[in-house]
Amino acid sequence: MEQNHDKLRPRPVSDSKSEMIELVLPNDTNPLGALLGGRLMHWIDLAGALAAHRHSHSHTVTASMDHIDFLVPVHVGDMVILQSAVNRAFNTSMEVGVRVVVENYITGSHQKVASAYLTFVAVDRHGRRLKVPPVIPETEEEKRRYDGALRRREASKAERERRKAARGEE
Ligand SMILES: CC(C)(COP(=O)(O)OP(=O)(O)OC[C@H]1O[C@@H](n2cnc3c(N)ncnc32)[C@H](O)[C@@H]1OP(=O)(O)O)[C@@H](O)C(=O)NCCC(=O)NCCS
């Protein structure tokens, strides 16, 4: 397993914080001019990958994306801001949180559109898994997300095991 020890130096959450801004164009929308859910999920995946790359300093693959609720409709011409950061790193995987807001650039107001947790796995150029550095949570909010990430990992592992067992019974 290819490893570079400096790459495994623990990193604060602030090192991985990323922001991606998209202007919603007609090709991103349905015939009523509302942003397609699939397009938003694609942007969430990209915004999450930015944070995962910055934390791990490596290539990554998306292992999973959790449940997403689309809270408000987004329209053609809106500005969508996607903010991401690594909440916690494990062995080869990282949980990334992505928060999506829509900005009304006329009034300057922001409204939450969606949020999601994704898991990325670090890989080398041959697709072999790589160890990732630990995350150092600094603020109270970062510590809350860090603790939550372990609970979510355990819950999703248990759910994967349950589904595997259910498929075995079919
Ligand atoms: C994600 C992937 C690398 C996991 O490989 P695997 O052989 O199942 O590896 P393991 O079961 O040993 O798990 C490796 C790590 O991934 C995590 N993981 C695996 N499946 C996961 C899932 N569904 N959700 C969240 N984490 C997952 C494990 O918890 C483990 O984390 P750790 O090393 O930090 O403890 C592999 O399934 C893969 O390559 N999937 C395709 C990824 C891809 O192409 N994504 C783009 C979408 S098309």
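**A tour from the ligand to the sheet**

Begin at the ligand of this predicted model: a shell of 13 residues surrounds the ligand, and S64, F90, N91, T92 and S93 come nearest. Colour the shell by residue class. Seven of its residues are polar, four are nonpolar and two are charged.

Next, display the secondary structure around the ligand. Three elements each supply at least two residues of the shell: β3 (59-65), β6 (109-123) and α2 (140-169). Which of the elements gives the most to the shell around the ligand? Select β3, which contributes four residues.

Now widen the selection to the sheet. Five strands form an open sheet, with antiparallel pairing, in the order β2-β4-β5-β6-β3. Why is one side of β2 and one side of β3 left without a neighbour in the sheet? β2 (18-23) and β3 stand at the edges and each has a single partner strand, so one side of each remains without a neighbour there. From one strand to the next, the twist averages 30°. As background, strands of a sheet pair through backbone hydrogen bonds, in either a parallel or an antiparallel sense.

Select residues 79-89 and 93-104 next. These are strands β4 and β5, which pair in the antiparallel sense over ten bridges. To inspect one of the pairings, pick A85, whose bridge partner in β5 is G97. β4 and β5 form a hairpin, and three residues lie between the two strands.

Keep β5 selected and add β6. How many bridges join β5 and β6? The two strands pair in the antiparallel sense over twelve bridges. Here E95 may be picked together with T119, its bridge partner in β6. β5 and β6 also form a hairpin, with four residues between them. In the turn of this hairpin, centre the view on G108, which has a positive phi of about 80°.

Finally, add helix α1, residues 37-56, to the view of the sheet. Across which strands does helix α1 lie? The helix lies across β2, β3, β4, β5 and β6, and runs at about 45° to β4. To close the tour, return to β3: this strand stands at an edge of the sheet, lies under the crossing of α1 and gives four residues to the shell around the ligand.

Terms used. Residues are numbered from 1 along each chain as its sequence is written. This is a predicted model: local features need pLDDT of at least 70, side-chain atom pairs count only at pLDDT 80 or more; totals for chains, interfaces and linings use all residues. A residue is near a molecule or strand if its C-beta atom, placed from the backbone, lies within 6 Å of it. Ala, Val, Leu, Ile, Met, Phe, Trp, Tyr, Cys and Pro count as nonpolar, Asp, Glu, Lys and Arg as charged, and the others, Gly among them, as polar. Two strands pair if DSSP finds at least two bridges between them. Axes are lines fitted to C-alpha atoms, for helices over the stretch in contact, and angles run from 0 to 180 degrees between N-to-C directions. Two residues are in contact if their C-beta atoms, placed from the backbone, lie within 7 Å.
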